[in-house]
Amino acid sequence: MLVQTISTSKSHGGTQGVYRHASTATGTDMTFSVFVPDHDEGAQLPVLWFLSGLTCTHANVTDKGEYRAACARHGVILIAPDTSPRGDGVADDGSWDMGQGAGFYVDATQEPWKPHFAMWTYVVEELPVLVAAHFPVDMARQGITGHSMGGHGALTIALHHPDRFRSVSAFAPIVAPTQVPWGKALDAYLGDDDAAKRAHDAVALIADGARVRELLVDQGDADPFLTEQLRPDLLAAACADAGIPLTLRMQPGYDHGYTFVSTFMADHVDWHAARLGA
């Protein structure tokens, strides 16, 4: 699997890179970023995956996330994939919360999305194999986090793969897409298959028996999407019923953007590092 280097630059003693490759999962070129801290030759480092939200690419967290100092301090690699396939011939939608930039980390089964929108397979299967082949990652020590739609992806992926991910956290995640208006994306991508949609809904997964060791979630109380789309109260209730330790931090005055994410990013890196043995 060939990887094209788009750019690299030094930061906090390590290397921030942006890379492109041809994806078999999506049938398109895909771009992702990787921060590799300074490390001893031959060392393998724990890895933290960051999944981005609606309208975003890898660049949002790469440029605004303020994670590198904490990752360098702990020796943790951070990887940020794109949020959807892109390019000519890739289906799109006129609204900002569907189509390109809004893959919702599922494998679409419905037209016109099915040919390219295979973000679950891309993030869960294809990209980890590529990363392991090209970067000094210790795949036995993986954590996952994400923002908004990416928080939804981080939670659902970890709930499906609790043995792979030692730690999972989220920033303002969509926790129950089947119960909120943004569930229109699951309807479009997955059709009338209610079981498939429950498999991509963190609250439903927990109700159906999926478990993780513990969760850290930060949520701004001034987030305009809080009460209609995000519903952290549903996650809190599901975790309480399931006995999953949840640290839900409601942050006074913070909204939904990267000024919020960047404020608490180092806390999340610290939290993951402690659980990854970094």
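Two strands pair if DSSP finds at least two bridges between them. Helices (H or I, at least four residues) and strands (E, at least two) are DSSP runs, numbered from the N terminus. The structure on display is a predicted model, in which local features need pLDDT of at least 70 and side-chain atom pairs count only at pLDDT 80 or more, while totals for chains, interfaces and linings use all residues. Residues are numbered from 1 along each chain as its sequence is written, and side-chain values use heavy atoms, with hydrogens and water left out.

**Strands E4, E6 and E7**

Please select residues 45–51, strand E4, together with E6: the two pair in the parallel sense, over six bridges. Within this pairing, leucine 48 lies opposite glycine 143 of E6. Next, add residues 165–171, strand E7, which runs parallel to E6 and is joined to E6 by three bridges. Here glutamine 142 has phenylalanine 165 of E7 as its bridge partner. Between E6 and E7 the chain passes through helix H4 (residues 149–160), and this β-α-β crossover is right-handed (with the strands pointing away from the viewer, the path from the first strand over the helix to the second runs clockwise).

Now colour E6 alone, residues 137–146. Eight of its 10 residues are buried, that is, under 20% relative accessible area (exposed is over 50%, partly exposed in between; 1.4 Å probe, protein chains only).

**Helix H3**

Select residues 119–134. Helix H3 bends by about 40 degrees at leucine 127, and proline 128 follows within four residues; the bend is the angle between axes fitted to the seven residues ending there and the seven starting there. Buried residues of H3 include Trp120, Tyr122, Leu127 and Pro128. Among the elements that cover the buried residues of H3 are E4, E6 and H4, where contact means heavy atoms within 4.5 Å.

**Helix H10**

Move to residues 258–276. Helix H10 has 19 residues and reaches 25 Å from its first C-alpha to its last, close to the expected 27 Å (1.5 Å times one less than its number of residues). A bend of about 40 degrees occurs at phenylalanine 264, which is among the buried residues of H10, as are His268 and Trp271. Just after H10, glycine 277 takes a positive phi of about 70 degrees.

**The cysteines**

Finally, select cysteine 71, which is buried with a relative accessible area of 0%. Its sulfur is too far for a bond, because the closest cysteine sulfur, in cysteine 56, is 18 Å away. Cysteine 239 is also buried, at 1%. With a disulfide defined as a pair of cysteine sulfur atoms within 2.5 Å, the count is zero.
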